[in-house]
Amino acid sequence: MHGTALSGWLLVAVCAATGAYCVLRLRSDCARARSSAGGEAVMGFGMAAMAVPAAFATPPPWIFAVYAGVFGAAALRAGWLARTRANGGAHHLHHVIGSLAMVYMALAMSAPGGHAAHGGHAGPAGGIPLVTGALLVYYVGYVLTTGVRLLPAAGPAPDGGPAGWGARPELTLACRLSMGIAMLAMLLAL
């Protein structure tokens with residue numbers, strides 16, 4: 001991504017930490033906590049990999065095709081899971097949008113004038129302004145609504161007892177909020 005090395009490394013740290021927490025959620029006893037944790041872990045680690053500053057490591061040109069393939073497959077999986085409301089359809093639709101946004105950013109970064117062409121130098125990148133703008137509007141709305149939902153969530157578990165680390169609703173929302181903010185930053189730096 002374009003931008004300062006410090007902002008890039010901060011994005012890497014936030015995204016890797018959220019990906020690691022999502023891996024912990026995969027081990028939860030709560031089926032609902034595990035339902036989307038795998039996709040969120042892939043998203044977190046993929047965002048961390050894409051946010052590595054170009055000044056530190058210039059990625060090989062083929063890596064953007066790998067990113068597009070991985071996130072394209074994630075979008076198909078999330079779309080398949082979203083077909084029923086019982087599987088948390090609305091949240092899986094968010095995963096479809098997020099995965100397609102990652103495909104879009106990977107393609108924009110591989111285009112002439114994108115990340116791969118700049119070798120770490122700041123400047124205009126690839127991407128379609130209308131698509132980037134629509135994604136920015138979506139993620140601003142997502143971050144705001146998730147932040148509002150996070151406010152009252154800091155209470156006891158639904159059964160009254162303490163929840164395990166993998167099933168804490170406020171931590172899951174905070175994870176999603178941080179990935180939404182990171183997505184906004186990545187789109188702005190595109």
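The protein chain of this predicted model has eight helices and zero strands. The exercises below work through it piece by piece.

**Exercise 1. Describe the overall make-up of the chain: which elements does it run through from the N terminus on, and how many of its residues count as buried?**

Solution. Start with the order of elements: from the N terminus on, they read α-α-α-α-α-α-α-α. Next, take burial: the chain has 190 residues, and 42% of them count as buried. Then look at the surface: about 9,800 Å² is exposed, with carbon and sulfur atoms supplying 73% of that area. Finally, check how contacts spread along the sequence. Among contacts with a separation of 6 or more, 78% are between residues 24 or more positions apart.

**Exercise 2. Work out how helix α1 and helix α3 are arranged: what is their crossing angle, and which residues meet?**

Solution. Find the two helices: α1 covers residues 5–26 and α3 covers residues 37–51. Their axes come within 7 Å and cross at roughly 160°. An angle over 145 degrees counts as roughly antiparallel, so α1 is roughly antiparallel to α3. As for handedness, the crossing of α1 and α3 is left-handed.

Now list who touches whom. On the α1 side you have G8, L11, V12, C15, A16, T18, G19, A20, C22, V23, R25 and L26. They meet A37, G38, E40, A41, G44, F45, M47, A48 and A51 of α3. Sort the residues of this contact by type and you get 14 nonpolar, five polar and two charged.

**Exercise 3. Stay with helix α3 and place G46: is G46 buried or exposed, and what does G46 contact beyond its sequence neighbours?**

Solution. First, locate G46: it sits in helix α3. Buried means under 20% relative accessible area. G46 comes out at 11%, so it is buried. Now set aside the neighbours within four places in sequence, and G46 is in contact with F71 and M102. For a distance across to another glycine, go C-alpha to C-alpha: G46 and G19 are 8.7 Å apart in space and 27 residues apart in sequence.

**Exercise 4. Do the same for M179: which helix holds M179, and which residues does M179 contact away from its own stretch of sequence?**

Solution. M179 belongs to helix α8, residues 169–189. Its relative accessibility is 8%, so M179 counts as buried. Leaving out neighbours within four places in sequence, its contacts are T18, E40, M43, G44 and M47. Look back at Exercise 2 and you'll recognise some names: T18 in α1, plus E40, G44 and M47 in α3, are also listed where those two helices meet. One more distance: the C-alpha atoms of M179 and Y139 are 9.9 Å apart, with their positions 40 residues apart in sequence.

**Exercise 5. Take H94 and T132 as a pair of polar side chains to check: which helix holds H94, which holds T132, and what do H94 and T132 touch?**

Solution. Begin with H94, found in helix α5, residues 89–110. H94 has a relative accessible area of 14% and is buried. Beyond residues up to four places away in sequence, H94 touches three tyrosines: Y138, Y139 and Y142.

Move on to T132, in helix α7, residues 129–150. Relative accessibility is 14% here, so T132 counts as buried. With neighbours within four places in sequence left aside, T132 is in contact with Y104, L187 and L190.

Methods. Residues numbered from 1 in each chain as written. Predicted model: local features only at pLDDT ≥ 70, side-chain atom pairs only at ≥ 80, totals over all residues. Heavy atoms only, no water. Axes fitted to C-alpha atoms, helices over the stretch in contact; angles between N-to-C directions. Helix = DSSP H or I, 4+ residues; strand = E, 2+ residues; numbered from the N terminus. Parallel < 35°, antiparallel > 145°, perpendicular 65-115°, else oblique. Left-handed = near helix turned anticlockwise from the far one by under 90°. Contact = heavy atoms within 4.5 Å. Nonpolar A, V, L, I, M, F, W, Y, C, P; charged D, E, K, R; others polar. Buried < 20%, exposed > 50% of the residue type's maximum accessible area, 1.4 Å probe, protein only. Areas by Shrake-Rupley, 256 points an atom, 1.4 Å probe, with all protein chains shown as cover.
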